[in-house]
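Student: I have a new model open and want a quick tour. Can you walk me through it?
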Amino acid sequence: MSENQVTEVLKHIKYPNLEKSIIDLSLVDEIVSHENSLNISLKIVNTQAFETLCDTIKNNTKLKEIFSNINVTNKVQPPKKSLNYGSTQNPNNRAPYAKNIIAVSSGKGGVGKSTVAANIAVSLAQDGYKVGILDADVYGPNIPRMLGVDGESLKWSENDKIIPSINFGVKIMSVGLTTPRSDTPLVWRSSVAVSALIQFLEDVDWGSLDYLVIDMPPGTGDVQLTMAQELRLTCAILVTTPQMASIDDVSRAIMMFKDVGVPICGLVENMSYFITPDTKQRYDIFGSGTGAKLSVDYGINFLGEIPLSMDIRQNCDSGKPPVVLKDEVIRGYYKQITNKIIKNN
Ligand SMILES: Nc1ncnc2c1ncn2[C@@H]1O[C@H](COP(=O)(O)OP(=O)(O)OP(=O)(O)O)[C@@H](O)[C@H]1O
Ligand SMILES: [Mg+2]
């Protein structure tokens with residue numbers, strides 16, 4: 001069997017949990033065949049995925065018929081150790097009341113973090129978990145509107161704790177609930193913003209939580225680092241859109257979380273495509289497949305794609321997260337992501 005024929009066989013071997021083959025994803029480094037020996041070198045960052053692919057290739061019947069000796073090696077060396085940012089190696093535990101703390105983050109702004117965070121939180125609550133959501137975007141707090149509590153303001157309990165707002169079974173805290181109007185600007189230095197968040201972690205009556213979902217501001221700044229230092233984050237979920245500008249930015253966010261030692265639960269590709277309501281034709285407005293490729297390159301899980309949808313935008317604007325609505329298809333996108341998160345933690 002020639003090397004080209006081996007390539008043809010490998011075109012049918014899919015990367016675990018993805019619809020693309022290792023050839024489509026350019027993960028094969030070299031193929032060398034000699035008589036009954038076949039050596040394949042792959043380029044796979046995720047060691048678990050490498051082991052799965054190794055077994056699949058070695059047990060492939062077409063290859064086994066020809067080659068009695070199949071070797072699969074990985075060109076990618078194990079990742080280098082974390083840069084050790086000191087304090088993030090042993091983070092404080094400002095939220096001991098939460099069993100799992102999940103940060104929803106992105107490199108770029110406006111890619112859909114808050115939408116994903118709000119829907120995941122409600123979806124977890126629908127599954128019977130005790131859930132809180134902390135809007136850590138102090139300069140652009142959108143969670144109150146998305147979860148329909150934007151008219152509410154801060155309440156204090158008798159023991160001087162802040163009472164979170166509650167809707168759809170989720171406890172909600174946001175700087176947006178502390179300002180008199182939704183258009184009140186917050187002109188805070190980042191140290192003040194960070195102190196406000198610490199207060200929300202410590203002085204809010206969260207009760208005991210199965211999941212605390214944190215909606216992060218965009219980027220890799222003070223808030224992200226503080227959260228990694230002050231909380232034992234279970235993991236981070238990264239949201240991106242398919243276009244390269246967003247992919248570049250989310251790559252930086254992935255590296256930041258890896259460097260500060262926060263496990264990454266996976267990547268969500270939002271606004272992946274648009275299906276016209278009349279002709280049902282699909283348009284890949286921002287490109288396609290880049291999120292899946294990125295997750296392979298960085299060895300992180302791909303949690304799913306969410307299309308660009310007018311219903312998602314309209315309902316989020318009016319305080320009804322799509323997971324509470326009847327539309328099974330739209331609910332399904334977020335449910336699938338939530339199920340993967342529950343499985344991974
Ligand atoms: N899949 C989608 N289809 C259509 N609109 C969407 C989708 N996801 C999010 N949106 C809309 O895009 C806008 C931005 O989303 P969102 O606020 O969740 O982004 P973000 O990443 O949190 O932004 P920021 O960086 O400003 O915090 C919102 O109006 C939201 O309703
Ligand atoms: Mg946001």
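Tutor: We'll take the overall build, then the sheets, a helix and the ligand site.

Student: Before that, what kind of model is this?
Tutor: This is a predicted model.

Student: Fine. How many helices and strands are there in the chain?
Tutor: The chain has eleven helices and 14 strands. Its radius of gyration is 22 Å, and the globule rule gives 20 Å for 345 residues; those values are close, so the chain is as compact as a globular protein of that length.

Student: And what does the C-alpha trace span along its principal axes?
Tutor: About 80 × 55 × 35 Å.

Student: How much of the chain counts as buried?
Tutor: 42% of the 345 residues.

Student: What share of the contacts comes from residues 24 or more positions apart?
Tutor: 75%, counting contacts in the chain with a separation of 6 or more.

Student: OK, sheets. What is the strand order in the open sheet of three strands?
Tutor: The order is 1-2-3, and the pairing is mixed. Strand 1 (28-34) and strand 3 (69-74) are the edges, each pairing on one side only. On average, neighbouring strands here are turned by 10° against each other, direction ignored.

Student: How do strand 1 and strand 2 run?
Tutor: They run antiparallel, joined by six bridges; strand 2 covers residues 37-42. For a landmark, find Val32, which stands opposite Asn39 in strand 2.

Student: Which strands does helix 1 touch when it packs on that sheet?
Tutor: Helix 1 (residues 3-10) touches strand 1 and strand 2. The direction of helix 1 makes about 130° with that of strand 1. Helix 2 (residues 47-58) also packs on the sheet, touching strand 2 and strand 3. The direction of helix 2 makes about 160° with that of strand 3.

Student: Moving on. Is strand 4 mostly covered or mostly uncovered?
Tutor: Mostly covered. Strand 4 spans residues 98-105, and seven of its eight residues are buried.

Student: In which sense does strand 4 pair with strand 10?
Tutor: Parallel, over six bridges, with strand 10 at residues 209-215. Ile101 has Leu212 as its bridge partner there. Strand 4 also pairs with strand 11 (residues 235-240), in the parallel sense, over four bridges. In that pairing, Ala103 has Ala236 as its bridge partner.

Student: What about strand 9? How many of its residues are buried?
Tutor: Five of its five, residues 170-174. Val170, Ile172 and Ser174 point one way, while Lys171 and Met173 point the other way. Note that Lys171 is on the buried list too.

Student: Which sense does strand 9 take with strand 5, and which with strand 8?
Tutor: With strand 5 (residues 131-135) the pairing is parallel, over five bridges. Leu134 has Met173 as its bridge partner there. With strand 8 (residues 165-167) the pairing is antiparallel, over three bridges. Ser165 stands opposite Ile172.

Student: How many residues lie between strand 8 and strand 9 in their hairpin?
Tutor: Two. Phe168 in the turn has a positive phi of about 50°.

Student: Now a helix. How many residues of helix 9 are buried?
Tutor: Seven of its nine; helix 9 covers residues 290-298 and is mostly covered. The buried ones are Thr290, Gly291, Ala292, Lys293, Leu294, Ser295 and Val296.

Student: What do those buried residues pack against?
Tutor: Strand 11, helix 8 (244-259), strand 12 and strand 14. Just after helix 9 comes Gly299, with a positive phi near 65°.

Student: Last topic, the ligand. Which residues come nearest to ligand 1?
Tutor: Gly109, Gly112, Ser114, Thr115 and Arg313, out of 21 residues around ligand 1.

Student: Which elements each supply at least two residues of that shell?
Tutor: Helix 4 (113-126), strand 12 (264-275), strand 14 (302-308) and helix 10 (310-317). Helix 10 gives the most, with four residues. Strand 12 and strand 14 came up a moment ago, as packing partners for the buried residues of helix 9.

Student: What is the make-up of the shell by class?
Tutor: Seven nonpolar, ten polar and four charged residues.

Methods: Residues numbered from 1 in each chain as written. Chains lettered and ligands numbered in written order. Predicted model: local features only at pLDDT ≥ 70, side-chain atom pairs only at ≥ 80, totals over all residues. Near = placed C-beta within 6 Å. Nonpolar A, V, L, I, M, F, W, Y, C, P; charged D, E, K, R; others polar. Rg over C-alpha atoms; globule rule 2.2 N^0.38 Å. Buried ≥ 20, exposed ≤ 12 C-beta atoms within 10 Å, placed from the backbone. Contact = placed C-beta atoms within 7 Å. Pairing = 2+ DSSP bridges. Axes fitted to C-alpha atoms, helices over the stretch in contact; angles between N-to-C directions.
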